[in-house]
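Subject: Structure for you to look at

Hello,

Here is the structure I said I would pass on. Please open it next to this message; my notes come after it.

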Amino acid sequence: MFAAERRQLILEMVRANGAVSLRELARVVQTSEVTVRRDVRALEAEGLLDRRHGGAVLPGGLSREPGYPQKTHLAAAEKSAIADLAASMVAEGDAIVVGAGTTTQELARRLARVPGLTVVTNSLLVAQALAHANRVEVVMTGGTLRGSNYALVGSGAEQSLQGLRVSRAFVSGSGLTAERGLSTTNMLSASVDRALVAAAAEVVVLADHGKLGSDTMFQTVATEAIACLVTDEQAGVSEEASRELDALADRGVQVCVAPIVPPSTGAAPPAAGVAFPGQRRSPVGTVLPPAAVAARMRGRG
């Protein structure tokens with residue numbers, strides 16, 4: 001298929017769905033994700049679409065974000081791998097905060113088996129994932145429902161978090177850079193995320209490789225407040241993402257890289273030996289420098 005035909009098909013898919021992951025685009029046009037990424041960049045340069053979260057979305061600037069149904073199809077394998085690794089950081093009896101998002105929803109599904117766990121959240125999706133976990137206590141914030149991501153926002157949500165203290169917060173967002181930290185596209189969501197983070201002793205950011213290097217409108221967590229970043233191994237393939245990982249590590253953020261298990265194997269990624277936030281510079285388990293991740297990915301190709 002010629003480049004012009006590929007790009008036209010990519011554009012039609014994005015227009016029909018609002019947002020499509022690079023993985024899905026590569027499958028449909030029958031080429032590599034590297035080639036699709038190049039096509040997406042060319043279409044973005046023409047103003048026909050935007051690159052977001054490991055995929056492509058309709059153009060809309062910094063204030064626009066895909067809705068929940070669209071987000072669930074973006075970087076699904078990466079989010080699953082990140083959730084597996086993040087879940088290994090939670091122990092019996094912990095009290096944690098889990099923010100809103102499709103990646104944190106995946107994490108919540110894995111936390112249902114942790115006994116004695118207390119989860120504070122403003123996300124209806126996180127609460128739903130834990131609703132039938134009889135050994136997990138779920139504490140919901142107050143607030144006003146934001147339908148696009150099924151999260152409670154506003155002053156009611158923020159006030160309900162005052163005086164709260166938990167060991168760790170797991171949050172996601174729309175973009176992550178070393179210069180500015182974690183950011184999102186919605187002002188109300190950003191304000192609640194800041195309140196969630198303020199309630200935790202340590203902050204763990206869950207961000208797939210497509211969010212690295214992306215800077216959106218509203219800052220939620222400054223870089224110096226991030227103890228640990230959990231991302232996926234595709235971050236070593238993208239030069240832009242790899243540079244961001246290096247810069248984040250230089251600023252004291254521990255980078256934990258989650259291996260992506262091919263769907264055909266059905267095996268779970270190893271959870272043993274994961275370094276926890278606070279061990280930022282310790283080369284333990286899956287904590288890898290970006291250069292090592294890139295070398296490993298090149299070896300697979």
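The notes below cover a set of paired strands, one residue, and a patch on the surface.

Please keep in mind that this is a predicted model.

Paired strands. Strand S12 covers residues 200-206. Of its 7 residues, 5 are buried, so S12 is largely enclosed by the rest of the structure. S12 pairs with strand S9 (residues 166-171): the two run parallel and are joined by 5 bridges. To find this pairing in the viewer, go to Val166, whose bridge partner in S12 is Ala200. S12 also pairs with strand S14 (residues 228-232), again in the parallel sense, over 3 bridges. Here Val204 can serve as the marker, with Cys228 in S14 as its bridge partner.

Thr220. This residue belongs to strand S13, which spans residues 218-221. Thr220 has a relative accessibility of 6%, and because buried means under 20%, Thr220 counts as buried. Leaving aside residues up to four places away in sequence, Thr220 is in contact with Leu182, Ser183, Thr184, Ala190, Asp193 and Arg194.

Surface patch. Leu124, Met140, Leu145 and Tyr150 make a nonpolar patch of about 320 Å² on the surface. One of these residues, Leu124, lies in helix H7, which covers residues 124-130. With a relative accessible area of 32%, Leu124 is partly exposed, whereas Thr220 is buried.

Regards

Conventions. Residues are numbered from 1 along each chain as its sequence is written. This is a predicted model: local features need pLDDT of at least 70, side-chain atom pairs count only at pLDDT 80 or more; totals for chains, interfaces and linings use all residues. Side-chain values use heavy atoms; hydrogens and water are left out. Helices (H or I, at least four residues) and strands (E, at least two) are DSSP runs, numbered from the N terminus. Buried means under 20% relative accessible area, exposed over 50%, partly exposed in between (1.4 Å probe, protein chains only). Contact means heavy atoms within 4.5 Å. Patches are made of residues with over 30% relative accessible area and no salt bridge: like charges are joined within 9 Å, nonpolar side chains (Val, Leu, Ile, Met, Phe, Trp, Tyr) within 5 Å. Accessible areas come from the Shrake-Rupley method with a 1.4 Å probe; for residues, only the protein chains shown count as cover. A salt bridge is a side-chain nitrogen of Lys or Arg within 4 Å of a carboxyl oxygen of Asp or Glu. Two strands pair if DSSP finds at least two bridges between them.
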